[in-house]
Amino acid sequence: MRKLKQLPGVGLLKGMLVTGRNFFGSYRNPRRLVTVSYPEQRLLLPESSRNFPFLVYDGNDSVEGLRCVACKTCERECPSGAIRIVQARDENGRPAKHPERFEIGIDACMGCQICAEVCPFDAIKMDSDYEHAATGRTRPMVHNKLRLAKSNTYYHRIKPREAAEVDARLEMERFRKEEARRKREEAARMKKEAAAKAAAAKPEAPENS
Amino acid sequence: MTTMGTTDESLRQDLARRGVHVTSLESLYNWGRAHSLWPLQFGLACCAIEMIAATMARHDLARFGAEVFRPSPRQADLMIVAGTVTKKMAPMVVRLYNQMANPKYVIAMGACAISGGPFREGYNVLRGIDRYLPVDLYIPGCPPRPEALLHGVIRLQELIRGEKLSGPGRSRAADPAVPGEYPIPNYGPAGLRPPFNPDLWQPPSDPDAAPDDGSDAVTPRETTA
Amino acid sequence: MAVTIPSDAAPPPGRTSLAFPARRPGLTLAAAAGVLVVGTTLLVLLLDRKAPGILTGAVVEALAHPATAPLILKAGVLGWLAEGWGLGEPWLGLASISLSLFTIVAVFMGLFALTSIVERKVLARIQNRYGPNRAGLWGLLQPVADGIKMLTKEDIVPAGGDRWMHLLAPVMLAVPAFLVLALLPYGPGMTVVELGVGILFFFALGASAEVAVFMAGWSSNNKYSLLGAMRAIAQMISYEMPLLLAALAVVMLAGTLSPTLMVEAQAGHAFGFVPQWFVFTPWGLVGFVLFFIAALAESNRSPFDLPEGESELVAGHMTEYSGFRYAVFFLAEYIGLFGICGFAVALFLGGWHAPLPVLDFIPGYLWFFLKLYGLVLLAIWIRGTMPRVRIDQLLAFSWLFLIPTGFCVLAGAALWHFTGGGWLGWLVVTPVVTAPYFLLLPRLQSAEANALRTYRFSEE
Amino acid sequence: MTDPDRLLSLLEAGLPGSAGRVRRWTNPGPSGQDALLVDPDAALEVALFLRDHPELQLDYCSNVTGVDWLPREVTESVTTTETVGGETKEVTKKVTRTEPGYLEAVYHLYSVALRHGPVILRLRAAGREAPAPLPSLTPVWRSAEFQEREIFDLYGISFSGHPDLRRLLLWDEFEGHPMRKDYVAPDEDGLPAIETAAAKGEANR
Amino acid sequence: MNLTRAAPWPAGTAPFADPGETELLELSLGPQHPSTHGVFRMNALLDGETVVRLQPVFGYLHRNHEQLAERMSYLASMPFTDRLDYFCSLTNNWAYALTVEKLAGLEVPERAEYLRVILAELTRLQNHTVFLGFLLGDMGAWGSVLMYGFRQRDAVLDLFEALTGSRMMCDYLRFGGCRCDLPPGWAAAARLVVDSYPGFLDEMEQLLTENEILRARTMGIGGVEAKRLVNAGVSGPLLRAAGLSHDLRKVDRYGIYDRFSFRIPLGEKGDVYDRLMIRLLEMRESLNILDSALRDLPEGPVINPQAKLRNFRPPAGEAYGRIESPKGELGFYLISDQSPQPYRYRVRPPSLINLTLLEEMCVGAKIADVMVILGSIDIVLGEVDR
């Protein structure tokens with residue numbers, strides 16, 4: 001502990017110097033004046049910025065093109081229980097691979113992106129739109145399937161890097177599937193051919209035996 | 001009455017387009033209140049930090065004349081319920097609302113204040129402050145970004161500027177039938193008594209059907225083909 | 001002290017709605033507009049009654065002589081009243097005073113509106129943001145918006161509070177604050193009420209503010225208000241002493257109790273450029289700092305805003321005030337600040353005198369307001385920087401440092417008088433008035449608090 | 001230093017007769033944090049010993065918490081000797097019995113002075129019925145004060161010797177102890193329970 | 001030495017009342033009050049302005065975090081930990097992830113460990129920055145320091161948002177690593193923020209450390225000797241301000257903290273001024289850690305490939321893990337019964353336990369000091385009440 005060397009009051013003056021510097025600095029130095037005039041100017045959100053989820057659809061139709069297959073993984077994993085999915089049924093009453101209803105209550109959603117993380121089909125992604133203030137609580141706060149569906153183009157616009165990765169991955173998967181299907185078909189064809197060959201050869205067999 | 005009001009409004013808009021500004025006392029009054037929304041300095045949880053962030057240098061709520069956060073409810077015009085309202089806290093929130101002077105507005109900021117949010121299954125969490133208070137604006141998010149709060153405040157300003165002072169559809173503050181204060185719930189053995197204020201909120205009869213309160217249209221099916 | 005307040009801090013929710021019909025603001029506004037229209041019509045009719053040649057003449061004259069423009073205009077109106085209306089002496093005197101009062105009130109109300117927005121903007125800039133800028137051009141209509149809102153807000157008297165005291169307190173605070181303005185010497189011959197004992201009257205009015213604040217705190221039936229009110233009493237009593245002592249030094253040297261004469265005593269420039277304001281003497285400088293610190297405390301400005309004490313007492317004595325009466329409190333605080341800063345200008349900063357002879361062409365009343373506003377800006381700057389002091393530190397600061405300093409200033413002024421100023425005066429007076437700063441101030445805190453601390457670092 | 005066997009031997013040396021009242025509880029998981037199961041009657045004594053022993057100096061009680069163990073069905077093989085028809089033979093039977101539930105208070109102790117830990121103390125109340133009494137360790141470690149109040153509030157263990165045992169988080173009129181595993185919050189507003197996986201307890205299943 | 005407390009405060013009585021002279025005033029501060037940092041309540045008994053007794057009342061933000069977590073999968077609790085101490089979501093994440101990793105015996109890849117250190121130190125920086133502002137606010141300064149603090153904090157939050165997607169509720173760590181890798185340019189942006197910090201700290205020191213009013217308000221206020229603090233479970237900067245070198249980053253050396261060289265600043269008196277200064281000095285040390293962590297950040301995977309995202313069932317057992325969060329020792333205690341939900345999920349909240357000695361710090365001080373002392377403890381109600 002040593003004696004304070006300076007005169008009393010100097011500390012206060014130093015403080016006033018700092019605030020004074022900030023006062024004048026805010027007129028000259030843009031790094032000091034950090035205000036973003038919100039409705040006119042907006043902060044550029046980083047690509048990973050997230051708020052509420054949306055459903056991605058490919059192609060042009062927001063219902064037919066949905067990637068979601070109603071597997072309900074996100075519904076199970078959602079920590080705040082904000083997702084509700086009703087699986088569609090086809091005319092025979094069998095479960096179909098698309099959702100009849102898909103609702104996200106943004107009045108409960110906490111934007112944790114676990115749904116997007118666990119989705120095996122890259123169908124649900126995080127939107128960065130934040131202007132959702134509304135006067136009502138029920139209709140505006142429950143986003144239904146139509147409202148949730150946003151095109152892949154939109155996804156590319158808000159998150160170009162991520163969307164490109166996802167597209168590449170999906171393309172790869174599709175390619176693999178296609179390859180697998182082709183191989184399967186090839187195999188089936190080979191088998192068929194073999195069988196046909198065998199069948200063709202069959203009549204000869206009894207002759208041999 | 002309603003048709004008269006709308007004619008009036010359209011006439012005024014028409015005049016405004018031609019450069020004639022008809023300033024009635026009503027719009028002056030609404031303009032004044034819209035630009036002088038002093039919020040109650042009152043934060044409950046995480047959302048309060050984003051509310052504070054909205055008043056800070058980067059977002060600067062003060063630009064809208066709303067930076068005068070008053071710690072005393074008597075001088076506040078706007079209650080931003082920012083954060084989880086627990087059952088233990090709910091009576092105080094209602095009391096604070098009652099202590100505010102008319103005209104007063106309530107913003108439910110964040111998932112918890114709207115519906116209890118991710119915590120709504122807990123035994124001590126109120127599932128939405130609208131069970132006890134009339135909420136003017138809901139801002140979803142967990143927490144909403146500061147910009148979302150600014151957006152909400154701008155929307156509230158628009159609402160205030162569109163308020164009527166007389167006739168049907170007049171604002172809450174101008175309607176003598178609307179009480180200025182609401183009953184304060186009591187602590188019960190497992191929750192609050194009563195669990196909600198039936199004048200303000202009723203449990204939805206059919207929770208499956210999303211009720212239509214007409215406040216926002218549903219987005220139509222998008223097809224570009 | 002007997003406090004019989006329900007144990008719950010928040011008052012019971014009952015309330016009394018008062019005459020001001022906040023629930024029907026439209027009606028109120030319509031009535032106000034009606035009064036305005038009728039009043040304007042009457043005024044126009046009155047002006048029309050006689051050809052206002054005298055008035056036009058006065059305006060032309062005033063434009064030609066800006067330094068005395070207010071006086072010329074006033075004389076014109078009075079002349080018009082006397083000639084056109086044949087007003088006699090008692091009435092003419094009344095008209096003269098009313099005119100001055102009206103002008104002063106109008107000017108200071110405008111200044112209040114301006115300051116409320118300037119303060120918010122300056123603080124915003126200190127904090128690196130814009131501040132209010134949406135209501136009107138650059139947000140200049142912000143005070144109008146605030147005013148409209150405050151005027152139309154519901155007015156609440158807390159249940160269990162003392163209703164009439166609650167109603168009267170803001171008025172009691174505002175009236176003395178405005179009365180102070182009548183004593184200020186705005187320019188040569190421009191004091192509204194030329195009172196021989198102006199300083200005494202000023203301190204008497206200042207003392208009445210304490211009563212008003214305590215009324216507000218007591219009548220609110222709220223513990224925070226009560227604590228705030230008690231703080232206010234202690235603070236204002238403690239800080240009136242240094243205020244008085246600093247003023248007394250000026251009284252001694254100027255040899256008068258009239259603010260106008262004090263300003264006149266500071267006329268002229270030494271060596272042709274150093275203004276002979278009291279602040280440029282050693283005792284005057286210390287006295288001015290003393291006066292300004294005490295003025296901040298008297299007008300409850302940061303860092304002495306303890307009665308309001310937002311971080312611990314919510315809003316202190318104003319906690320229960322809403323709407324219009326809260327606005328009156330607000331107004332009274334600012335008017336009080338203007339008044340006390342005006343006195344600081346008159347006593348130490350040379351009143352209406354220009355700092356340099358070459359600047360004499362600018363009218364004196366403008367100089368006065370410039371200096372006054374400079375002090376107000378300084379107060380705002382201080383508010384943007386400093387934390388609040390604690391109540392015991394506040395009182396100790398006054399009784400153990402400011403008041404002894406005040407006596408030293410008094411002694412310094414006496415010595416200055418006997419040495420006749422000059423280099424001898426400087427030599428003698430300077431040690432006397434700065435002694436408390438070196439001797440007393442370091443002892444206000446313990447040695448421990450005065451020491452710089454060093455901190456150890458552990459690698460483990 | 002915090003090896004339970006070493007602790008037990010120190011305890012036996014310092015507090016003769018503690019062998020029967022303090023046992024080792026082995027943690028089956030990979031964290032390897034074993035605990036001492038302390039008889040409630042001996043808890044205060046043991047705690048003081050652990051805090052003041054120069055070799056231990058467990059001066060820092062970091063965490064205090066309650067655990068509610070529900071009654072559970074235990075199936076175990078019991079071998080008995082039976083005499084069937086004059087012949088004595090060993091018979092192994094599967095017996096299902098219900099192990100009674102109990103409430104438990106767990107203390108995590110560290111030493112700030114000697115930088116070791118954690119030493120875990122477990123105190124078991126006799127049953128789950130309120131008031132499930134346990135001795136309070138607040139007189140030994142002040143940090144237990146709020147945490148024991150919280151356990152009292154949420155689990156219903158009443159700590160004897162606690163200076164100020166009131167509900168910490170909930171209000172006084174509240175009935176029941178909501179952190180117990182069988183607590184069901186009453187449905188207040190007639191709303192159907194929220195249909196979420198989490199509420200139904202079937203996350204990830 | 002008697003470390004236990006005095007007798008409880010009997011309801012409605014005034015223990016030191018002298019009926020002949022003064023009447024004591026019972027004042028309820030909160031739950032809505034400008035400087036209780038949220039919905040915290042203190043019942044104070046005042047003799048004039050002097051505090052005679054003071055009792056904290058909790059639970060106004062009790063949102064049943066622990067009960068909800070016991071009904072959820074391990075992963076689903078991660079976003080809830082963000083909301084405990086809502087200033088420091090990443091350190092909360094880390095404490096939880098660390099405990100689950102102990103419980104399940106999971107390894108963390110090296111790059112993820114570095115990322116955790118970087119994010120934890122950034123969190124510490126922004127927490128302490130905001131702390132300064134709120135403390136000055138409690139002293140009645142008109143928001144300037146808070147604004148400067150938030151200006152600087154926003155720079156850190158921008159980094160968090162660019163990496164994790166959210167400003168406050170990051171939900172970034174996963175058991176066995178981190179959720180995703182750095183976006184391009186992140187490290188350079190972080191370097192810029194780190195480089196801008198010393199200038200900010202200099203300015204704050206110029207504004208604060210010599211300010212006479214601040215010194216008068218903080219020196220000799222709220223000090224309690226280290227031994228009592230330890231007994232009361234107080235941790236973090238409070239303990240270090242009292243002169244005890246206890247920092248879990250050094251004591252437990254969790255993560256990879258043993259690879260960084262940093263010092264622990266220690267105070268002497270443990271009063272509010274020391275607490276403020278310790279935090280200022282800690283920020284400088286954090287900058288050193290960040291500097292070397294950003295420099296040495298290795299390449300590699302950010303998550304252990306063995307870690308399962310869904311259907312995560314740790315083996316039966318229990319674990320207690322703790323880290324040095326900006327507020328103090330943040331611990332998690334988990335019991336697993338091999339089901340997807342933890343059988344017992346417990347948070348050891350530093351904010352709550354640091355309040356144990358609040359009354360002792362406040363008795364005898366003025367009512368205005370109570371706010372400053374409370375501010376210097378640096379609580380967050382989300383963590384106090386959970």
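How many residues do chain E and chain D each bring to their contact? In this predicted model, chain E gives 59 residues and chain D gives 54 residues. Together the two chains bury about 4700 Å². Carbon and sulfur atoms account for 52% of that area.

Polar and charged pairings were then counted for chains E and D. There are 31 residue pairs in polar contact, with both residues at pLDDT 80 or more. Salt bridges number 5. One salt bridge joins the side chains of E:Glu70 and D:Lys181, at 3.1 Å from N to O. The side of chain E that touches chain D holds 26 nonpolar, 17 polar and 16 charged residues.

Chain E also touches chain B. Here the contact draws 32 residues from chain E and 34 residues from chain B. The buried area is about 3100 Å², 64% of it on carbon and sulfur atoms. Within the area that chain E buries against chain B, E:Gln32, E:Tyr60 and E:Arg63 supply 20%, more than any other three residues.

Between chains E and B, the model shows 4 salt bridges. In one of these, the side chains of E:Asp154 and B:Arg58 meet at 3.8 Å, N to O. Polar contact links 11 residue pairs, both partners at pLDDT 80 or more. Two elements of chain E, α1 (65–69) and α5 (144–164), each give two or more residues to the side that touches chain B. The most comes from α5(E), with 8 residues. By residue class, this side of chain E comprises 18 nonpolar, 6 polar and 8 charged residues.

Technical notes: Residues are numbered from 1 along each chain as its sequence is written. Chains are lettered from A and ligands numbered from 1 in the order in which they are written. This is a predicted model: local features need pLDDT of at least 70, side-chain atom pairs count only at pLDDT 80 or more; totals for chains, interfaces and linings use all residues. Side-chain values use heavy atoms; hydrogens and water are left out. Contact means heavy atoms within 4.5 Å. Buried area is the accessible area (1.4 Å probe) that two parts lose on being put together, summed over both. A polar contact is a pair of N or O atoms within 3.5 Å; within protein, one must be able to donate a hydrogen and the other to accept it, and residues adjacent in sequence count only if both atoms are side-chain atoms. Helices (H or I, at least four residues) and strands (E, at least two) are DSSP runs, numbered from the N terminus. Ala, Val, Leu, Ile, Met, Phe, Trp, Tyr, Cys and Pro count as nonpolar, Asp, Glu, Lys and Arg as charged, and the others, Gly among them, as polar.
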